[in-house]
Amino acid sequence: STRFLALRAPFSAPFCRSPACAMGSLLAPWYSLGRKVEHEIEEFFGRLGHSVARHPVRYILGVLFTVLVCSAGFLRFKPENEGDKLWVPQDSKAKQDEDYISSRFDGDYRGGSVLFVATSATGKDVIDLDVMEDIWDAYEVVFEQTKANGKSFSELCAITDFDGDCVVFGMTQFFNNNRTYYNQVVATREDLISEISATRYPSGQEVNQDQIFGKYTQNATTGEITSAKGTLLFFQIDGSPLSRALKWEESFLNKVDGVKPQYSKVYYFADRSFNDELAASVAGDIGLMVITYTLMISFTCTVLAKGYNVVQTRVGLSVAGIMIILLAIVTGYGLSSGLGVIFVSIHQVLPFIIVGIGVDDLLIIVSAFDSTDERLSSENRLSLALRRCGVSITYTTLTDVSAFFLGATSALPAIQAFCIYAAFAILFNFLFQCTMFTALMVYDTERMNSFKMDVLCCCQCIPPAAATAADSVSAPAWTQTSTSDAPSSSRTLAPAATRGDQLGEDQLPAETPKLTPTSSSQSPKQWLKSLITPRSMSPSMTLHGSRALGRSKTRLQYFFGEVYWPQLCKPWVRMAIILLFAGILAVNIYGVTQVNQGFDVIDLVPDDSYVRDYVTEARDLNVFIFEENTPVDIAYKSMDYHDQDVQEGMLELEDDFLSLKGGFTEGPVTSWIRSFTTWVQSDTSPYNTSVNADGYLVNETLFYEAVLHFTQLELYTRFDTDVVFHNVTINGVPSLRIRNSRVSAYHVGLGDPLDEIDAMLDSRDLMKKADLPRTPIVFSPTYVNIETELVLPEELTLNLAFALVAVTIVSLLILVRPTAVLLVSMIICVIDVEIIGTMYFWGLNVNTVTVVQLVMAVGLVVDYTAHILHYYLQQPFHKEPMERLRDALVEIGPSVLLGCFTTFLGVMPLAFAQSVIFRTFFRMFLSIIVYGAAHGLIFLPAIIPSLPFGDVSEYVDPEKSVKRKTDQEEQGRGVELTGSPI
């Protein structure tokens with residue numbers, strides 16, 4: 001990032017002739033406002049620099065007090081791991097339907113499942129007596145040993161049979177979950193096949209063979225199940241209270257983990273597993289943060305060091321700078337927590353991102369400070385430094401913070417929280433760098449001027465004999481260097497010079513000399529420093545700005561000025577660059593059309609997680625409940641159930657539901673109304689004489705009495721929770737009525753997000769078309785997540801639009817010129833398109849995680865584009881466009897390149913994370929860095945010399961043109977007063 005502070009040069013053209021110039025004249029008031037805003041910001045930072053240098057202790061204590069106050073917010077720290085509270089719009093229809101059903105029906109179920117997979121020992125078939133022994137052993141472990149709050153599974157189970165015994169779904173259910181009964185009826189494999197091939201369990205409930213058997217085969221004639229590769233056991237408990245249910249699930253996972261079957265392999269899963277593993281995944285990569293910050297401290301020490309003796313290393317300042325970034329993160333987290341914002345596990349990736357942004361600002365400030373004359377007082381040096389870089393870091397901070405705050409308008413709570421935490425952390429980093437870090441930098445400078453050791457600042461060193469030389473009176477001798485990259489004449493600004501001074505011709509070289517690289521006779525450390533120092537201009541840069549370009553430069557500055565820029569002067573090179581980037585855009589547009597939407601739940605867990613093993617095996621066997629055989633309920637509201645039209649409408653709706661297009665629904669349907677209609681006509685029903693000619697019981701009083709009797713029969717107790725009765729008063733007489741009821745079926749084949757959305761929307765449309773007095777509700781637990789997929793394209797579009805608007809508004813105040821703002825906005829849009837297209841080639845999908853990073857990209861790529869353009873526009877307009885480009889690249893090119901490197905260094909350890917989410921962050925950030933740097937350093941320089949920007953400086957009032965022309969002749973060429981292009 002860069003900031004160029006310029007004293008406007010005189011007008012160079014006597015008359016406005018070009019259309020761009022005419023546009024500039026029309027926008028002159030806006031340009032004037034932009035310059036005034038920039039001037040006021042510069043003046044503010046100038047005053048801030050004086051104040052900090054005079055009262056450093058106040059600002060240090062002020063920052064520490066702010067940290068302390070905001071840290072009190074951790075008392076309200078509220079971590080959240082429940083997926084449906086993070087990644088789902090809380091006002092979505094699915095959430096409303098879920099809340100409605102949970103409030104009307106019993107059955108807030110949670111639990112766990114055990115998957116048994118056959119091995120070669122049994123011919124890879126679980127329909128085997130030995131495997132059944134493994135299944136019964138695991139069943140008894142769960143049934144007898146799992147506990148929560150002193151209660152066993154038998155006391156917590158959610159579903160019981162007529163006798164009050166717990167029901168466990170799976171192969172054991174064919175034997176009433178009774179091992180003794182199993183031993184009585186099964187002696188051979190043929191006996192086992194005969195029992196498990198039944199179409200109904202002993203309770204009368206229909207068997208869904210697809211739900212419990214994986215990759216099974218059936219006899220085409222008899223329908224018997226002859227083999228299966230795997231089978232599932234489902235253990236369900238009452239999910240209320242949640243704390244107790246979570247304890248039981250923890251006990252379940254621990255006990256099943258200790259099961260060691262002889263003839264099969266066991267995989268297990270609980271409802272809490274995904275949340276647990278996500279937290280463990282993120283926490284397991286915390287060690288990478290230590291690596292990141294160690295790298296950043298080392299890198300910062302290398303860049304900030306003015307020398308490699310015990311005085312000039314600036315290790316203490318570097319470490320303090322990194323610690324200040326951590327304080328900013330802590331403060332931002334504390335304030336966010338205090339405001340009641342939830343903390344999500346993925347927030348732990350923010351320190352990797354913030355440290356890159358923080359080091360960027362840190363190096364900018366130090367470089368600006370080092371570019372000032374060392375003979376000035378600390379107050380003047382810091383004032384000048386903050387004048388130079390204040391607008392720059394304000395610009396980048398405003399774009400990032402505004403983009404994140406607008407991203408907080410997302411309908412997804414996790415994205416809201418992430419954006420708020422990030423915005424506050426970036427904001428506090430900016431404030432702390434401008435205050436506490438600058439105060440410590442003043443102290444560090446005084447330490448060096450006093451020739452005290454770095455870190456051990458209480459130890460005084462003996463200055464070298466050269467310190468007493470006559471030519472070293474103006475600065476400590478140890479600051480002088482004999483190498484060619486820092487000549488003794490590098491500090492040429494007189495102490496009285498200020499931003500508003502006009503510099504005479506005698507103070508400037510007659511012409512801009514040719515760049516020369518630094519001396520090759522350097523130590524490896526000095527060579528590295530000369531290569532990467534250009535976070536700012538070379539120490540030889542003074543407020544003479546580009547006029548000082550002839551003095552010793554770093555290798556990167558030499559590269560940009562003497563190697564790279566001459567190539568850009570060739571028209572065919574610029575055209576080739578434009579064609580190359582057009583080709584890159586075209587390829588990525590293709591990628592955009594191919595990229596998929598969706599989030600694979602397996603990405604939530606580490607590579608070595610037991611959950612990953614379970615999901616992989618369950619998918620292979622087609623028994624993963626989130627994609628195959630997912631339960632779905634049709635919930636009916638209060639209506640006249642005794643009415644024949646209502647009963648017929650309910651039965652017709654069930655038939656239509658099973659025949660939905662796409663084949664995403666199938667039976668068996670657990671339907672109380674269908675079973676009741678069949679039963680009430682049977683000879684066993686005491687109400688069979690009261691049915692009408694069509695076979696329906698329509699007598700109002702008898703109907704509800706019969707339904708109540710029906711649900712209390714042993715064969716039909718499974719419907720007890722599906723029919724909810726309540727008492728009403730009709731004509732003053734208490735009467736029994738059905739308040740709500742439900743039927744159940746299954747969704748199948750829901751692995752693809754688009755298929756999931758179609759299944760949900762088609763099901764809802766069918767409910768609206770139902771011939772019933774009140775529209776039923778269709779709900780499946782997967783709908784909560786499908787809602788996220790449904791709103792995600794809109795969320796991505798809106799968040800990107802809001803972020804782009806924020807950047808555009810800030811850019812209008814800084815860049816001022818509409819053409820420049822339009823160009824920056826266009827490039828940001830192109831980069832986002834290219835990042836999305838690259839996701840296809842990375843194998844990434846558009847999901848909640850990548851959407852967060854796409855929003856971040858809008859603010860981050862500004863560092864690589866807008867600042868180069870801004871610096872080009874602030875060059876003296878009397879120069880030729882290519883000359884302006886050369887000066888801009890030499891002074892800001894190394895800074896942009898270093899900014900890319902610091903960001904990359906901050907996120908690089910994420911490439912080695914166990915978490916897929918962290919690795920996704922790395923891939924996305926790598927794309928952001930590469931595309932941002934490429935457009936800022938290659939594409940933008942290739943096109944901006946050819947573009948008209950309508951600069952107001954091109955316009956001269958004809959009435960004043962003669963006087964201004966005379967002024968120009970007297971002053972010679974226009975002069976800029978520039979700071980370090982940090």
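This is a guided tour of the predicted model open in your viewer, one selection at a time.

**The whole chain**

Begin with everything shown as a cartoon. The chain has 982 residues, and 56% of them are buried. Colouring by secondary structure should bring up 31 helices and 11 strands. Of the contacts with a separation of 6 or more, 78% are between residues 24 or more positions apart.

**Stop 1: H3 against H16**

Select residues 56–71, which are helix H3, together with residues 413–449, which are helix H16. Two packed helices are described by the angle between their axes and the distance between the axes. For H3 and H16, the axes come within 8 Å and cross at roughly 145°. The crossing is left-handed.

Now show the side chains where the two helices meet. On the H3 side, pick Pro56, Val57, Tyr59, Ile60, Val63, Leu64, Thr66, Val67 and Cys70. Facing them from H16 are Phe428, Phe432, Thr435, Met436, Ala439, Leu440 and Tyr443. How many charged residues does this contact of H3 with H16 have? It has none: the classes are 14 nonpolar and two polar residues.

**Stop 2: H15 against H27**

Next, select helix H15 (residues 378–407) and helix H27 (residues 848–860). Here the axes are 8 Å apart and the packing angle is about 155°, so H15 runs roughly antiparallel to H27. The crossing of H15 and H27 is right-handed.

The residues to display are Thr399, Asp400, Ala403 and Phe404 from H15, with Val855, Met856, Gly859 and Leu860 from H27. Sorted by class, this contact has five nonpolar, two polar and one charged residues.

**Stop 3: a glycine in H30**

Move to helix H30, residues 916–943, and centre on Gly932. Is Gly932 buried or exposed? Its relative accessibility is 0%, so Gly932 counts as buried. Leaving aside residues up to four places away in sequence, Gly932 touches Ile831, Val861, Tyr864, Thr865 and Ser927. Add Ile827 to the selection as well: it is 105 residues from Gly932 along the chain, yet the two C-alpha atoms are separated by 9.1 Å.

**Stop 4: salt bridges**

The model has 22 salt bridges. Here are some to visit.

- Asp97 and Lys93: the closest N and O atoms are 3.4 Å apart. Both residues lie in helix H4 (residues 93–104), four residues apart, or about one turn of the helix. Asp97 is buried at 5% relative accessibility, whereas Lys93 is partly exposed at 38%.
- Arg272 and Asp276: the N to O distance in this salt bridge is 2.5 Å. Arg272 counts as buried, with a relative accessible area of 17%, while Asp276 is partly exposed at 27%.
- Arg674 and Glu654: the closest N and O atoms are 3.2 Å apart. Arg674 belongs to helix H22 (residues 672–681) and Glu654 to helix H21 (residues 644–658), so this pair ties together parts that are 20 residues apart in sequence. Arg674 is partly exposed at 33% relative accessibility, and Glu654 is buried at 2%.
- Glu133, Asp137, Glu140 and Arg179: select these together to see a network of salt bridges.

**Stop 5: backbone details**

The last selections are about the backbone. Most residues other than glycine have a negative phi, and most peptide bonds are trans.

Which residues does a cis peptide bond join? Zoom in on Ser240 and Pro241, where omega is about -5°. Pro241 sits in the loop between strand S5 (225–238) and helix H10 (242–257).

Then go to Asn149, which is not a glycine but has a positive phi of about 55°. You will find Asn149 in the loop between strand S2 (147–148) and strand S3 (151–152).

Finish at Asn622, another residue other than glycine with a positive phi, this one near 60°. Asn622 lies in the loop between helix H20 (610–620) and strand S7 (630–636). With a relative accessibility of 42%, Asn622 counts as partly exposed.

Technical notes:
Residues are numbered from 1 along each chain as its sequence is written. This is a predicted model: local features need pLDDT of at least 70, side-chain atom pairs count only at pLDDT 80 or more; totals for chains, interfaces and linings use all residues. Side-chain values use heavy atoms; hydrogens and water are left out. Axes are lines fitted to C-alpha atoms, for helices over the stretch in contact, and angles run from 0 to 180 degrees between N-to-C directions. Angles under 35 degrees count as roughly parallel, over 145 as roughly antiparallel, 65 to 115 as roughly perpendicular and the rest as oblique. A crossing is left-handed if the near helix is turned anticlockwise from the far one by less than a right angle, and right-handed if clockwise. Contact means heavy atoms within 4.5 Å. Ala, Val, Leu, Ile, Met, Phe, Trp, Tyr, Cys and Pro count as nonpolar, Asp, Glu, Lys and Arg as charged, and the others, Gly among them, as polar. A salt bridge is a side-chain nitrogen of Lys or Arg within 4 Å of a carboxyl oxygen of Asp or Glu. Buried means under 20% relative accessible area, exposed over 50%, partly exposed in between (1.4 Å probe, protein chains only).
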